[in-house]
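Dear colleague,

Please find below the structure that I am handing over to you. My notes on it follow directly after.

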Amino acid sequence: MKKLLVATGGGDCPGLNAVIRGIVKRASKEEDWEVWGSFEALNGLMEEPTRLIRLDKKTVAGIHVKGGTILGTTNKGNPMNYPEKQADGYIKYINRIPWLVDRLKEKGFEALINIGGDGSQAISQAMFEAGMPVVGVPKTIDNDLNSTDFTFGFQTAVQTASESFDRLVTTASSHHRVMIMEVMGRDAGWIALYTAISGGAEICLIPEIPYDLQALVSKINERYVDGRGFVNIVIAEGAKAKDGTITATKGEEGRHAVRLGGVCYALSQQLKDAGITADIRETVLGHTQRGGTPIAYDRVIASVFGVTAMELVLAGKYGELVVLKNNQYTSVPIKEAISAYNYVDPKGTLVEAAKGLGIFFGD
Ligand SMILES: Nc1ncnc2c1ncn2[C@@H]1O[C@H](COP(=O)(O)OP(=O)(O)O)[C@@H](O)[C@H]1O
Ligand SMILES: O=P(O)(O)OC[C@H]1O[C@](O)(COP(=O)(O)O)[C@@H](O)[C@@H]1O
Ligand SMILES: [Mg+2]
């Protein structure tokens, strides 16, 4: 029997279970492959005793509709830069990739499918370069991974954000308020842009287009006559004013350098300081965007990604990331996918179309 290990890394996202099920179902058609899962990314493999689980058709039955990941995940403790406490209490960062590859082989694994975003796929590439046969599957609600039309989880996050946006519109109009809704996305404005178009926002602020505060004030004032009117703003967590800075706190040890969040409060204060007298209310959607059951579109992408990833393993095509490119399921070298970040193009057709709909980007 050949053994395959599956891991889910980075932030969770709707559709992870559908990928796991796709891999297992496709593998079960083969007589010589056995699928195992590692708990909390590769922590399950790194720990002693290991925390690994045999995945068969029974284990994965019906899980494609469930949010989160049955394997659990982590976005800390990067094995490429692993925090190791020394005897004197000092934390030393070490590269555990060669050790991990040896460990996988020692446990009898012939291949690894690593499901994760840009951060996790950098780990996949490092393991591949260290001699491990790896296939990557792109996940993230942020859609910030290059080389794929979409990552699964993104459309579900947009759906959730869009439904919340609709609710904020009715209360904004009833109270003549300025509503600011903050969505996730790290350094990319994809969730904000799609939500703004879907919901019909007046203003959409994204990291790729730093906003001019005075222009925003004028736009808001245009919407008010004799103190009556309303404005709905969608702002991406990574957005910032021209000459301004991002709103973030220091990341925890061994994680991203910064933790984004709270930009809607910063914007609210900036608008008040700039003379906006209308009531302003702020909503941070936060992790509601990451939780819950995947919408049908994400279930389809995730399920097909799972099957495609297993087929790459069967074909011995390693170092590849499964992608959806021009509506075709295919793969690209992981190295290529992580070589660039997928930003919204400020001059692209989507932003232009949004402007055509009257959405203001603060530029
Ligand atoms: N297979 C893995 N084993 C251990 N840790 C992992 C693994 N995959 C991801 N991680 C952790 O998650 C981090 C990436 O998280 P993050 O950037 O939030 O997610 P994403 O991979 O979706 O971009 C990595 O830097 C690492 O700390
Ligand atoms: O759950 P945490 O650690 O607070 O992370 C929040 C971050 O994770 C995300 O939800 C998803 O990012 P990843 O896909 O890179 O994990 C970001 O949109 C957000 O900035
Ligand atoms: Mg990421």
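The model is a predicted one, and what follows was computed from it.

I begin with the contact between the two domains. In this model, 19 residues of domain 1 are in contact with 18 residues of domain 2. The side of domain 1 that touches domain 2 is made up of eight nonpolar, six polar and five charged residues. According to the domain assignment, domain 1 covers 2–152 + 294–337, while domain 2 covers 154–290. Their C-alpha centres are 33 Å apart.

Two ligands deserve your attention. Around ligand 1 there are 21 residues, and the closest are Gly9, Gly10, Ala41, Gly117 and Gly119. Two or more residues of this shell are given by each of β6 (109–116) and α5 (118–129); α5 supplies the largest share, four residues. Sorted by class, the shell around ligand 1 holds five nonpolar, 14 polar and two charged residues.

Ligand 2 has 14 residues around it, of which Gly10, Gly11, Gly117, Thr140 and Met184 come nearest. Here the classes are three nonpolar, seven polar and four charged residues. Where does ligand 2 lie with respect to domain 1 and domain 2? Ligand 2 lies between them, because both domains give residues to its shell.

Next comes the sheet. Seven strands form an open sheet with mixed pairing, in the order β3-β2-β1-β6-β7-β14-β15. The edges are held by β3 (52–55) and β15 (328–333); each has a single partner strand, so one side of each is left without a neighbour in the sheet. From one strand to the next, the twist averages 30 degrees. Within the sheet, β6 and β7 pair in the parallel sense over five bridges, and Ile113 stands opposite Val135 in β7.

Two helices that pack on this sheet may be described together. Helix α1 (residues 16–27) touches β1 (2–8), β2 (33–38), β3, β6 and β7, and its direction makes about 160 degrees with that of β2. Helix α10 (residues 296–315) touches β1, β6, β7, β14 (320–325) and β15, and its direction makes about 140 degrees with that of β14.

Some individual residues should also be mentioned. Ser147 is found in the loop between β7 (134–138) and α6 (154–175). Is Ser147 buried or exposed? With 21 other C-beta atoms within 10 Å, Ser147 counts as buried, since the cut-off for that class is 20 or more. Leaving aside residues up to four places away in sequence, Ser147 touches Leu321, Val323, Val332, Glu336 and Ala337. The C-alpha atoms of Ser147 and Gln328 are separated by 12 Å, although these residues are 181 residues apart along the chain.

The backbone has several points to check by eye. Most residues other than glycine have a negative phi, and most peptide bonds are trans. Glu40, in the loop between β2 and α2, has a positive phi of about 50 degrees. Glu40 is buried, with 20 other C-beta atoms within 10 Å. His176, in the loop between α6 and β8 (178–183), has a positive phi near 55 degrees. His176 is partly exposed, with 16 other C-beta atoms within 10 Å. Finally, a cis peptide bond with omega of about 0 degrees joins Glu48 and Pro49, and Pro49 is found in the loop between α2 (43–46) and β3.

With kind regards

Definitions and conventions:
Residues numbered from 1 in each chain as written. Chains lettered and ligands numbered in written order. Predicted model: local features only at pLDDT ≥ 70, side-chain atom pairs only at ≥ 80, totals over all residues. Domains from an automatic or database assignment. Contact = placed C-beta atoms within 7 Å. Nonpolar A, V, L, I, M, F, W, Y, C, P; charged D, E, K, R; others polar. Near = placed C-beta within 6 Å. Buried ≥ 20, exposed ≤ 12 C-beta atoms within 10 Å, placed from the backbone. Pairing = 2+ DSSP bridges. Axes fitted to C-alpha atoms, helices over the stretch in contact; angles between N-to-C directions.
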